[in-house]
Amino acid sequence: QVQLVESGGGLVEPGGSLRLSCAASGGNILSFVSVNWYRQALGERREYVAGIISSGTTNYADSVKGRFNISSSAAKTTVYLQMNSLKPEDTAVYYCYGDVQTTTGRFRGWGEGTQVTVSS
C-alpha cells in the first residue's frame with residue numbers, strides 16, 4: 001500500500017529556511033506523476049503552494065514565488081520543497097498530494113502533513 005510521508009517541518013525565525021520532503025513508499029512504486037504541496041493555517045482553508053510534474057515543470061502560488069523551490073529526486077520518488085525567506089504568514093501545516101505510478105496502476109492521495117512555524 002502506497003504511503004506519502006512529509007518531513008522537515010519545524011520552528012524557524014523569520015527570514016530563515018526549511019526544506020520539506022514528501023516521500024512515497026510501499027506498493028511497488030515506480031515514480032511520481034505529479035506532486036502538489038498545499039498548506040493550511042489554523043482556522044483557514046487549505047491553499048495551494050507549489051507543484052511539479054514528472055517532466056520537471058513546476059508551478060507556484062504567487063505568495064511563494066521567488067522564495068520557494070520545488071524539486072524531485074532523480075528517482076522521482078521524493079519531492080522537496082525548499083522554503084527560503086520565510087515569513088510568519090507561512091506558518092501552517094504543509095501537506096503533499098501525490099499522483100504515483102505503481103506497477104499495478106496509479107495511487108492518488110495525501111500525506112499526514114508537517115507543521116511549519118515561523119516565529120521569533
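1. A charge counts as sitting over a ring if NZ of Lys or CZ of Arg is within 6 Å of the ring centre and within 35 degrees of the ring normal. In this predicted model, the charged end of Arg19 sits over the ring of Tyr80, at 4.1 Å from the ring centre.

2. Arg46 is placed in a similar way: its charged end sits over the ring of Tyr95, and the distance to the ring centre is 3.8 Å. Tyr95 itself is buried, because its relative accessible area is 14% and the limit for that class is under 20%.

3. The ring of Tyr95 also takes part in an aromatic pair, with Trp110 as partner. The two centres are 6.4 Å apart and the planes stand at 90 degrees, an edge-to-face arrangement. The centre distance falls within the 6.5 Å cut-off for a pair. Trp110, unlike a buried residue, is partly exposed, with a relative accessible area of 39%.

4. In sequence terms, the Tyr95 and Trp110 pair links distant parts of the chain. Tyr95 belongs to strand β9 (residues 92-102) and Trp110 to strand β10 (residues 105-110), with their positions 15 residues apart in numbering.

5. The structure holds four aromatic pairs. Another of them is Tyr38 with Tyr48: the ring centres are 5.7 Å apart and the planes are at 80 degrees, so the pair is edge-to-face. This pair, too, links distant parts of the chain, with Tyr38 in strand β4 (residues 29-40) and Tyr48 in strand β5 (residues 47-53), ten residues apart.

6. Are Tyr38 and Tyr48 buried or exposed? Tyr38 is partly exposed, at 22% relative accessible area. Tyr48 is also classed as partly exposed, with 27% relative accessibility.

7. The residues of both pairs belong to one aromatic cluster, which is formed by Tyr38, Tyr48, Tyr95, Tyr97 and Trp110.

8. There is one disulfide by the distance rule. The bond joins Cys22 to Cys96, with an S to S distance of 2.1 Å. Its torsion about the S-S bond is about 65 degrees, so the disulfide is right-handed. Cys22 lies in strand β3 (residues 18-25) and Cys96 in strand β9, so the bond ties together parts that are 74 residues apart in sequence. Both cysteines, Cys22 and Cys96, are buried.

9. Strand β9 recurs in these points: the strand carries Tyr95 of the aromatic pair with Trp110, and Cys96 of the disulfide lies there as well.

Note on methods. Residues are numbered from 1 along each chain as its sequence is written. This is a predicted model: local features need pLDDT of at least 70, side-chain atom pairs count only at pLDDT 80 or more; totals for chains, interfaces and linings use all residues. Side-chain values use heavy atoms; hydrogens and water are left out. Rings of Phe, Tyr and Trp (its six-membered ring) pair if their centres lie within 6.5 Å; planes under 30 degrees apart count as stacked, over 60 as edge-to-face and the rest as tilted. Helices (H or I, at least four residues) and strands (E, at least two) are DSSP runs, numbered from the N terminus. Buried means under 20% relative accessible area, exposed over 50%, partly exposed in between (1.4 Å probe, protein chains only). A disulfide is a pair of cysteine sulfur atoms within 2.5 Å.
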